[in-house]
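Here's a set of short exercises to work through with the structure open next to you. Try each task before you read its solution.

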Amino acid sequence: MYDASLWQPSANILILQKRAQLLKATRAFFDVQNVMEVDTQCLSLGSITDPHIEVLTSKTRSQGQDVTYYLQTSPEYAMKRLLCAGSGSIYQLGKVFRAEEIGRRHSIEFTMLEWYRVGFDHWQLMDDIQSLLGVLLDDETLTCERLSYQVAFLRHTGLDPFSATLLSLQEYAHEYTEYGLQEEDRDTLLELVFSSVIEPAIGVNSPCFVHSYPASQAALAKIHLDEKGLQVAARFELYWQGMELANGYHELTDAKEQAKRFAQDKRTRAELGLVGRQFDERLINALEHGLPECAGVALGVDRLLMLMCRKAHITEVLPFAHTRA
């Protein structure tokens with residue numbers, strides 16, 4: 001039977017007022033620092049390459065032909081095209097879409113804050129995020145912990161993610177998750193262990209940056225040697241109270257290397273039997289023109305609001321969740 005009460009908002013009005021205050025304070029933070037707000041498209045003719053993120057699509061007719069548009073999972077590609085065109089430092093607050101299972105922390109449509117600081121590396125961007133959180137939380141003393149990926153693994157599992165054997169990763173993953181014995185991909189096992197064992201244990205009392213991921217997990221970040229001589233990705237993720245809040249990179253500027261990574265993603269999708277999709281060649285064209293040295297990050301606004309309001313489910317901070325959309 002139809003529930004006539006579904007017209008009502010998912011979140012109460014007090015939470016929506018806090019949401020409005022959060023968006024206003026975010027814009028004020030970037031305005032003071034002269035970072036320009038941009039508003040890029042939600043629909044694109046090209047898609048992301050990440051084989052672990054699925055997209056929503058929309059089909060239409062144009063000049064007698066069927067055309068597929070992809071709803072953005074992040075405004076990253078469009079914003080990088082603006083950076084290549086000379087925009088300078090920019091940010092965007094807007095809706096993004098991911099075809100993932102709806103759950104306590106995830107909705108297929110959610111609000112993302114993404115920004116790029118020209119001339120920054122990922123270390124400086126961590127400082128920037130800490131400053132923003134201090135403003136949004138009204139806590140000038142806020143300090144975020146920083147852990148390398150290797151230290152996080154050693155501290156909470158006793159395993160070194162760079163030298164542990166495949167068998168030891170399989171056995172550890174199986175012990176704690178009942179999965180993994182048949183898994184041959186090292187990064188899949190590392191992610192399984194990280195998400196099930198490490199993630200719940202970090203950022204309990206204060207936000208925690210995990211940085212220096214294995215080079216194989218670089219995605220769209222630069223790769224460099226750390227102080228131990230290990231090849232690592234110049235990227236980080238921010239965790240707080242068991243939730244991933246943000247994912248940031250010292251952005252890759254090499255068009256040839258980016259095209260190489262896109263091609264590898266395409267091969268991985270084929271090997272996994274995933275549906276093919278049109279990757280966005282416009283980003284490669286933009287990188288060939290020239291992306292300035294910069295660092296960028298995407299932060300989940302709804303998740304941050306959940307933590308600020310001490311809410312357990314994302315539906316409690318959305319105006320209209322999926323069942324009421």
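Before we start, one definition: two residues are in contact when they have heavy atoms within 4.5 Å. Also keep in mind that this is a predicted model.

**Exercise 1. Work out what share of the contacts in the chain, between residues at least 6 apart in sequence, join residues at least 24 apart.**

Step 1: Take the contacts in the chain between residues at least 6 apart in sequence.

Step 2: Ask how many of those join residues at least 24 apart; the share is 68%.

Step 3: Put the elements next to that number: the chain has nine helices and twelve strands.

**Exercise 2. Compare the radius of gyration of the chain with what a compact globule would have.**

Step 1: Start with the length, which is 325 residues.

Step 2: For that length, a compact globule would have a radius of gyration near 20 Å.

Step 3: The chain has 20 Å, so the two agree.

Step 4: Look at the extents too: along its principal axes the C-alpha trace spans about 55 × 50 × 50 Å.

**Exercise 3. Describe the surface and the charges of the chain: what is buried, what is the accessible surface made of, and how many charged side chains are there?**

Step 1: Buried residues make up 47% of the 325 in the chain.

Step 2: The accessible surface is about 16500 Å², and carbon and sulfur atoms account for 51% of it.

Step 3: Now the charges: the chain carries 31 positive and 44 negative side chains. The centres of those two sets lie 5 Å apart.

Step 4: Side chains of opposite charge can pair when their charged atoms come close. Here the count of salt bridges is 15.

**Exercise 4. Find which parts of the chain the salt bridge between Arg19 and Asp302 links, and decide whether each partner is buried or exposed.**

Step 1: Check the distance: the two side chains meet at 2.7 Å, N to O.

Step 2: Place the partners. Arg19 belongs to helix α1 (residues 13-32) and Asp302 to helix α9 (residues 301-309). They are 283 residues apart, so the pair links distant parts of the chain.

Step 3: Use the cut-off, where buried means under 20% relative accessible area. Arg19 has 7% and counts as buried. Asp302, at 2%, is buried as well.

**Exercise 5. Do the same for Arg269 and Glu54, then say which residues are in the network with them.**

Step 1: The side chains of Arg269 and Glu54 form a salt bridge at 3.0 Å, N to O.

Step 2: Arg269 sits in helix α7 (residues 255-271), while Glu54 is in the loop between β2 (43-44) and β3 (57-62). The pair therefore ties together parts that are 215 residues apart in sequence.

Step 3: Arg269 is buried at 4% relative accessibility, whereas Glu54 is partly exposed at 28%.

Step 4: Add Arg277: salt bridges link Glu54, Arg269 and Arg277 in a network.

**Exercise 6. Look at the pair Asp280 and Arg282: which partner is buried, and which is partly exposed?**

Step 1: The side chains meet in a salt bridge of 4.0 Å, N to O.

Step 2: Asp280 has a relative accessible area of 2%, so Asp280 is buried.

Step 3: Arg282 has 37%, so Arg282 is partly exposed.

**Exercise 7. For Asp138 and Gln241, work out where each residue lies and what its phi is.**

Step 1: Asp138 is in the loop between α3 (122-136) and β7 (145-148). Its phi is near 55 degrees, a positive value in a residue other than glycine.

Step 2: At 71% relative accessibility, Asp138 counts as exposed.

Step 3: Gln241 is in the loop between β10 (231-240) and β11 (243-250). Phi of Gln241 is near 50 degrees, again positive and again not in a glycine.

Step 4: Gln241 has 43% relative accessibility and counts as partly exposed.

**Exercise 8. Go back to helix α7 and contrast Arg261 with Glu271.**

Step 1: Arg261 is found in helix α7 and is buried, at 13% relative accessibility.

Step 2: List what Arg261 touches, leaving out residues up to four places away in sequence: Ala218, Ala219, Leu220, Ala221, Ile223 and Leu252.

Step 3: Glu271 is also in helix α7, but counts as exposed at 65%.

Step 4: Finish with a distance: from C-alpha to C-alpha, Glu271 and Phe29 are 44 Å apart in space, and they are 242 residues apart in sequence.

Terms used: Residues numbered from 1 in each chain as written. Predicted model: local features only at pLDDT ≥ 70, side-chain atom pairs only at ≥ 80, totals over all residues. Heavy atoms only, no water. Helix = DSSP H or I, 4+ residues; strand = E, 2+ residues; numbered from the N terminus. Rg over C-alpha atoms; globule rule 2.2 N^0.38 Å. Buried < 20%, exposed > 50% of the residue type's maximum accessible area, 1.4 Å probe, protein only. Areas by Shrake-Rupley, 256 points an atom, 1.4 Å probe, with all protein chains shown as cover. Lys, Arg positive; Asp, Glu negative; His and termini not counted. Charge placed at Lys NZ, Arg CZ, Asp CG, Glu CD.
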